[in-house]
Amino acid sequence: MAERSFAKEVEALKLGDGEIFRGEGILAVTKALLQSGVAYVGGYQGAPVSHLIDVLVDAEDIMGELGVHLETCTNEASAAAMLGASIHYPLRGAVTWKSIVGTNVAADALSNLASPGVMGGAMIIIGEDYGEGASIIQERSYAYALKCSMWLLDPRPDLPTIVRMVEKGFELSEASHAPVMLELRIRACHVTGAFTAKNNRASAQSGLTPAETPANFDYGRLSHPPSTFLHEKLKVEERLPAAQAFAREHKLNEFFEGDLKDIGIIVLGGLYNTVSRALARLGLADAFGNARVPIYCLNLAYPLIPDEVKSFCLGKKHVLIVEEGSPEFVEQAISTELRRADIQTRIHGKGALPKAGEYTGEVMLRGIANFIRDASPAGIDAPAIVAKADTLLGHKPAAAKSLADLPPRPPNFCTGCPERPVFAALKLTQREIGRTHISTDIGCHSFATFAPFSMGNSILGYGMSLAAAAAVTPNVKSRPISVMGDGGFWHNGLITGVASNLFNKNDGVLIVMANGYTSATGQQYMPSSATSRQGTAPGMEIESTLRSFGVKWLRKVRTYHVAEMVKTLKEAMKTPIEGLKVIIAEGECQLARQRRVRAEDAVKLKAGERVVRTKFGVDDEICTGDHSCIRLSGCPSLTVKPSPDPLRTDPVAAVIESCVGCGLCGEVAHAAVLCPSFYRAELIQNANAWDRFLHRLRQTVIGWLAPKQVAA
Ligand code: SF4
Ligand code: SF4
């Protein structure tokens, strides 16, 4: 299961020689993998490359025909370790994850892979989640490439270039015996375009044609001393020059000519389109990207090719380095190369452009205008270019002012989310027992850090909440509460959090949100899902796993039962029993449930079968208008409307059409002893005779009562 099905699009993966492939960047990467003859693929989902895993799952049949093994890994470390198959065998393999966080998780395996190096091409496709739309800490993956001696491809967001870099990336890996990272920013993942396809290739050794014998023992291929000392030398003395020679020979980087010969721009491939657009807006390029400023585009971000850098800079007075984020790795490396060669080109980079943050279109426009101002190249009117940028950006303050009154819209749980009631219960519990330290985690439940809950003291990583509370427990009087999703539990939390807690005989309360999927990344299956991509239940349970680890105090509560959740939370916080107390909060991800239920209902309706939908509502004659229900729920379907009573000016609560009938409103009103204004209604389609009889009966009784009410 996944947020979006690519079942239709994956048909394009069957295209052969000369046919035109049209589609999204992610799909193009998958096609390039098949054209490259991969033997195995795997990964762990996360934006902006979640779709890559989803595409791979949807393309399993096609991959099966080619003998490609697909592994949906439980975390990024297992995905990275999978590349170990390429150390000894001539197998091409690719894995994917979200970076920087996924690369952090995979770091150990990556170091141990990069040290012995590889025989078959090994590629890591990383979704570089850097910039304004990111959901994680702002760091770059570049540092990993640098420290491990892995090569980093950062292709220009253009389908033929992306596909070529995937194909050449495997060759580069094999030519230099080093793993290769291919970085895709969010725009590159979703860029659309076309390229001329090639036939898919089956690997010579694969699941269809396995090797007769395993690899020989070779101590030199183990990341163990003394081999590691040799590996370090090999990285610098052989693999690096081999990678640079390959990149030079195969022209991985691109040179774009321009008539303004005394200046130039060196840009990391992923940022090329933004540079091109900024130049066009400043009148320095046409709409097709033909620029007046010469550009050296680094599709291979690491390593640099010193000869190419020097030949580009030689004769230029000023060169701008466009490299997002900090520190300025590329700028420093280029400065060193030029200094060593005594080339006097002045380097601009951080200064003209900001030291941190995404280089959006607006930032790039200003940065390039600053560069033109400082470089003042011959052949153009630099002050006019700067004035143009000022005009283009001048409307911003006025636009910002006109938007000032718009209320902020923080992200929120989906309507009917099963995790919202847990935080409503937590809020009610805290009213009684006081504020508690809440160690939160990565996942949908982190929406509780926003209003109306505003809960959560720290986020240390995926599956890390319980571990992050370890030193809080002895230092704060009340027990900390750690919140973890079932995705986080299997990703890391079981060992890092639970095992560590039990091993150290710590106290504390852990809530595991068991919604059945890794929901935040698009409802992919995980070990305790009710089913799997193979169609059968994986057979791993959170409860029995925890009990087998030695958890004694364990309760399972349905999330929507707010009163029971409050009672259980209070018990967990107050019990004199020491040790870990786990509450498994059960409730299927509502987004996944709605997708499933809507499809089932559509089939039933078509067949003329009875379908019942539950809705909740507010009786606006009873609603007092104090909005406690909204403050305890935060459901987007629970809003306000003008009071029908002219004597009451406060708006009343109202449930809108998007309500999915989860029942939280009523539960909260009951658990918090709020006004009795919520009602539950059933919408019946294809009603049967009994439904019709009941309806008539109710209408009649209401009819009898109504006149009496009026009379009264
Ligand atoms: S995706 Fe599922 S778990 Fe996540 S907020 Fe939506 S309903 Fe809740
Ligand atoms: S029942 Fe209430 S909380 Fe649940 S979806 Fe409807 S409005 Fe939202």
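Where does Pro644 lie? I began with this residue, keeping in mind that the model is predicted, and found Pro644 in the loop between strand 22 (638-641) and strand 23 (652-655). I then looked up what surrounds Pro644 and noted that, leaving aside its neighbours within four places in sequence, it is in contact with Asp620 and Val652. I also looked up Glu621, which is 23 residues apart from Pro644 in sequence and 7.6 Å apart in space, C-alpha to C-alpha.

**Entry: the seven-stranded sheet**

I traced an open sheet of seven strands, whose order is 3-2-4-5-7-6-12 and whose pairing is mixed. Strand 3 (69-72) and strand 12 (300-302) stand at the edges with a single partner strand each, so one side of each has no neighbour in the sheet. From one strand to the next, I noted for this sheet of seven strands a twist that averages 20 degrees.

Within this sheet I looked up one pair in detail: strand 6 (residues 151-153) and strand 7 (residues 180-185) run parallel and are joined by three bridges, and I recorded Val180 in strand 7 as the bridge partner of Trp151. I next looked at what covers these strands, and found helix 6 (residues 101-114) lying across strand 4 (93-99), strand 5 (122-128) and strand 7, with a direction at about 135 degrees to strand 4.

The loop between strand 4 and helix 6 holds Ile100, and here I noted that the peptide bond from Ser99 to Ile100 is cis, with omega near 20 degrees.

**Entry: helix 8 against helix 10**

I looked up how helix 8 (residues 159-176) meets helix 10 (residues 227-249), and found that their axes come within 8 Å and cross at roughly 145 degrees, in a right-handed crossing. From helix 8 the contact takes in Lys168, Glu171, Leu172, Ala175 and Ser176, which meet Arg239, Ala242, Ala243 and Phe246 of helix 10. By class I recorded five nonpolar, one polar and three charged residues in this contact of helix 8 with helix 10.

Pro226 lies in the loop between strand 8 (192-196) and helix 10, and I noted a cis peptide bond there too, from Pro225 to Pro226, with omega near 5 degrees.

**Entry: the five-stranded sheet**

I traced another open sheet, this one of five strands in the order 9-11-10-13-14, again with mixed pairing. Its edges are strand 9 (254-256) and strand 14 (346-348), and because each has a single partner strand, one side of each is left without a neighbour in the sheet. The twist of this sheet of five strands averages 20 degrees from one strand to the next.

For one pair in it, I recorded four bridges between strand 10 (residues 263-268) and strand 11 (residues 295-298), which run parallel, with Ile266 standing opposite Tyr296 in strand 11.

**Entry: helix 14 and its partners**

I followed helix 14 next, which lies across strand 10, strand 13 (318-322) and strand 14, and runs at about 165 degrees to strand 13.

Which helices does helix 14 cross? I found that the axes of helix 11 (residues 272-281) and helix 14 (residues 361-375) come within 9 Å and cross at roughly 60 degrees, which makes helix 11 oblique to helix 14. This crossing of helix 11 and helix 14 is right-handed; Thr274, Val275, Ala278, Leu279 and Arg281 of helix 11 meet Gly361, Met364, Leu365 and Ile368 of helix 14, and I recorded six nonpolar, two polar and one charged among the residues of this contact.

With helix 15 (residues 382-403), the axis of helix 14 comes within 9 Å and crosses at roughly 160 degrees, and therefore helix 14 is roughly antiparallel to helix 15. I noted the crossing of helix 14 and helix 15 as left-handed. Residues of helix 14 in this contact include Glu362, Leu365 and Arg373, and those of helix 15 include Ile385, Asp390 and Lys396; the contact of helix 14 with helix 15 divides into nine nonpolar, no polar and five charged residues.

Between helix 14 and helix 15 I looked up the loop that holds Ser376, which has a positive phi of about 40 degrees although it is not a glycine.

**Entry: ligand 1**

I closed with ligand 1, and recorded Phe413, Cys414, Cys417, Cys444, Asn515, Ser519, Gln523, Cys589, Gln590 and Leu591 as the residues around it. By class I found six nonpolar, four polar and no charged residues in the shell around ligand 1.

Methods: Residues are numbered from 1 along each chain as its sequence is written. Chains are lettered from A and ligands numbered from 1 in the order in which they are written. This is a predicted model: local features need pLDDT of at least 70, side-chain atom pairs count only at pLDDT 80 or more; totals for chains, interfaces and linings use all residues. Side-chain values use heavy atoms; hydrogens and water are left out. A residue is near a molecule or strand if one of its heavy atoms lies within 4 Å of it. Ala, Val, Leu, Ile, Met, Phe, Trp, Tyr, Cys and Pro count as nonpolar, Asp, Glu, Lys and Arg as charged, and the others, Gly among them, as polar. Axes are lines fitted to C-alpha atoms, for helices over the stretch in contact, and angles run from 0 to 180 degrees between N-to-C directions. Helices (H or I, at least four residues) and strands (E, at least two) are DSSP runs, numbered from the N terminus. Angles under 35 degrees count as roughly parallel, over 145 as roughly antiparallel, 65 to 115 as roughly perpendicular and the rest as oblique. A crossing is left-handed if the near helix is turned anticlockwise from the far one by less than a right angle, and right-handed if clockwise. Contact means heavy atoms within 4.5 Å. Two strands pair if DSSP finds at least two bridges between them.
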